Amino acid sequence: MSSRSWQRPPRHLVRDMAEDVVLDMGWGRLVFGQTFTDQRAIVDALRAEETGERDIAMYVRDPQVLVGLAPHELFVDPSYTYRLPLQRYRPPRDRNPDVFVRMVRDRAELDEVNRLYAANGMVRSDPDVMWANHRTRTFTYLVAEDTRTRAIVGTVTGVDHVLAFGDPDEGCSLWCLAADPQAAPRGVGEALVRVLVERYVARGRAMLDLSVLHDNTGAIALYRRLGFHPAPPVVVKRKNPINRPLFSPQPDGLAQLNAYARIIADEALRRGVRVQVTDAPSGEMRLTFGGRSLLTRESLSELTSAVAMSRCDDKRVTRRLLERTGVRVPRAVELGEDPLSDPDGLAAAQRLLDETGPVVVKPARGEQGKGITVGVADAEALRRAVAEAARYCPDVLVEELVAGQDLRVVVIDHEVVAAAVRRPAAVIGTGTDTVEALVRKQSRRREAATHGESRIPLDATTEAVVREAGWAMDDVLPRGRRLEVRRTANLHTGGTIDDVTDDLHPDLVDAAVAASRAIGIPVTGLDFLVPDVSGPEHVVIEANERPGLANHQPRPTAQRFLDLLFPETRTGS
């Protein structure tokens, strides 16, 4: 039946099959086309799609006829169907010791599933619907644990077609395969697929189908390696804002944008704002709606004045403005041009080090963590750190090292939209890999997950941090041992990020808003050091005029940015 979609099956094959079957998945509904006898009923089912969800019609007979009934509403999805005949499945010789796949155990774990969906740009699902589904045998919700940390790092969903509607083909399907782009060890996707396959083999099912976008080359390679092959069924979807990139012509250069510009472009297109990519490598675009047009570079727009931008660019100016407003900043010493030839400045920096303990040395102007040295503890190290900072800017700032978590708070239109704790790049031991091998592997994963925006440098700083922790780069790190390999939590050098927006203390919210007003900037990412995000203690160390909005999904950073640029397109909370 599902292989020969153009033929109507004999009545005796479908007499025990349910009719007009639609399953609610929480993120949208699965419409099983082979259970419908009237194509118009499928159109009506897709028209009932809820706002913000993504319904999928699969196994549709004569999909071209279905789309022809409502060409302005429906389209054939540019995806492939892959099928695994389950009698041909062969289990692996060796299991991945870093991954343990199991069923979801409680409703709270579905929040972790949604976190993984959001991190991969997928539509989030209603936990109540998922939990109700999970309590039936029709649905299978699996999660993958990292056995070294016990963190949930992957998920997949299975649907049993026999239990759903009495499928005479004895089929089943795979949906929503997702892995944590920051923390998943190698092989998470393969482990999830294999366990799901093995569960359906045990039930005696005949085949497992899945749908994958045509350009998802990584997933397609995985499925082919596991024995899947292309199958005839196609997917039909409704033309809605979520699906717009799949059926609507895209602006030239859109595919070349980095993640920080792309999230803004996608939200603009969803609202009907015209997007013209003016320089893809820098993330520059012109956004136009009605009679207004604004130039943006990622989250930096023409609404940010040159003065506000210069205030963020020079960390000395930033701290002076914030201190004047009453926002807490760390103690610091400013060194002018040619700082190594400034004995008075170096003496003041040494006094600060003597009074406060280890200090941070950074260029007064710069970004992405370049030239920053953390934990400078003696006079010789101070001179080396000042020389390193001066390579990037002739003006250098020496600050007291304040212990605490590295907190980034995104403020848009003087309202806190997102907050996240940033953690330095770290590796977790396998018991067999050297530190250097772990760093290389983790860097490749971070680079792939961020489209090249994040990687861990194998440089002198990484070697020094590893050495200070008591290890060498060629040492084998014990299994489960976590080792930080960078001092700073900058995302461009492999750092990771954990959302804490809901846990933010009101005093931190007030400080962030006060800082944005003091600088006079409509969009900013403020860097705090805090002992605890749920407490009031803090210092503000930097303000970024172009924060990466994509780092904070599922918080509505891109939505609030478009609200700021074009308030007339505001669509809701």
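**Close-up views of a predicted model**

**View 1. Strand 1 meets strand 2.** Strand 1 and strand 2 pair in the antiparallel sense over 3 bridges. Within this pairing, Asp24 stands opposite Arg29 of strand 2. The model shown here and in every view below is predicted.

**View 2. An open sheet of 5 strands.** The strand order is 1-2-3-12-4, and the pairing is mixed. Strand 1 (22–24) and strand 4 are the edge strands. Each has a single partner strand, so one side of each lacks a neighbour in the sheet. On average, neighbouring strands are turned by 25 degrees against each other, direction ignored. Helix 2 (residues 39–47) lies across strand 1, strand 2, strand 3, strand 4 and strand 12. Its direction is about 180 degrees to that of strand 2.

**View 3. Strand 12 between strand 3 and strand 4.** Strand 12 takes its place between these two in the order 1-2-3-12-4. Strand 3 (residues 56–58) pairs with strand 12 (residues 235–238) in the antiparallel sense, over 2 bridges. Strand 4 (residues 74–76) also pairs with strand 12 in the antiparallel sense, here over 3 bridges. Val236 of strand 12 is the residue to find. It is the bridge partner of Ala57. Val236 also stands opposite Val76.

**View 4. A stacked aromatic pair, Phe32 and Tyr59.** The structure holds 8 aromatic pairs, and two of them get a view here. The ring centres of Phe32 and Tyr59 are 6.4 Å apart, with the planes at 10 degrees, so the pair is stacked. Phe32 belongs to strand 2 (residues 29–32). Tyr59 sits in the loop between strand 3 and helix 3 (63–69). The pair therefore ties together parts that are 27 residues apart in sequence. Both Phe32 and Tyr59 are buried. Phe165 joins Phe32 and Tyr59 in one aromatic cluster.

**View 5. A tilted aromatic pair, Phe289 and Phe566.** The centres of these two rings are 6.4 Å apart, and their planes are at 55 degrees, giving a tilted pair. The pair links distant parts of the chain, 277 residues apart. Phe289 lies in strand 14 (residues 284–289), and Phe566 in the segment after helix 18 (557–565). Phe289 has a relative accessible area of 27%, so Phe289 is partly exposed. Phe566 has 0% relative accessibility and therefore counts as buried.

**View 6. Helix 12 and its surroundings.** Buried residues of helix 12 (residues 315–325) are Lys315, Arg316, Thr318, Arg319, Leu321 and Leu322. An α-helix has 3.6 residues a turn, so residues three or four places apart point the same way. The cover over the buried residues of helix 12 includes helix 11 (306–313) and helix 17 (506–519). Strands contribute too, among them strand 17 (332–335), strand 18 (359–363), strand 20 (396–400) and strand 27 (539–544). Gly326 follows helix 12, and its phi is positive, near 100 degrees.

**View 7. Helix 12 crosses helix 17.** Two packed helices are described by the angle and the distance between their axes. The axes of helix 12 and helix 17 come within 9 Å and cross at roughly 120 degrees. That angle makes helix 12 oblique to helix 17. Their crossing is right-handed. Helix 12 makes the contact with Thr318, Leu321, Leu322 and Thr325. Helix 17 brings Ala514, Ala515, Ala518 and Ile519. Among the contact residues, Thr318, Leu321 and Leu322 are buried.

Notes: Residues are numbered from 1 along each chain as its sequence is written. This is a predicted model: local features need pLDDT of at least 70, side-chain atom pairs count only at pLDDT 80 or more; totals for chains, interfaces and linings use all residues. Side-chain values use heavy atoms; hydrogens and water are left out. Two strands pair if DSSP finds at least two bridges between them. Helices (H or I, at least four residues) and strands (E, at least two) are DSSP runs, numbered from the N terminus. Rings of Phe, Tyr and Trp (its six-membered ring) pair if their centres lie within 6.5 Å; planes under 30 degrees apart count as stacked, over 60 as edge-to-face and the rest as tilted. Buried means under 20% relative accessible area, exposed over 50%, partly exposed in between (1.4 Å probe, protein chains only). Contact means heavy atoms within 4.5 Å. Axes are lines fitted to C-alpha atoms, for helices over the stretch in contact, and angles run from 0 to 180 degrees between N-to-C directions. Angles under 35 degrees count as roughly parallel, over 145 as roughly antiparallel, 65 to 115 as roughly perpendicular and the rest as oblique. A crossing is left-handed if the near helix is turned anticlockwise from the far one by less than a right angle, and right-handed if clockwise.
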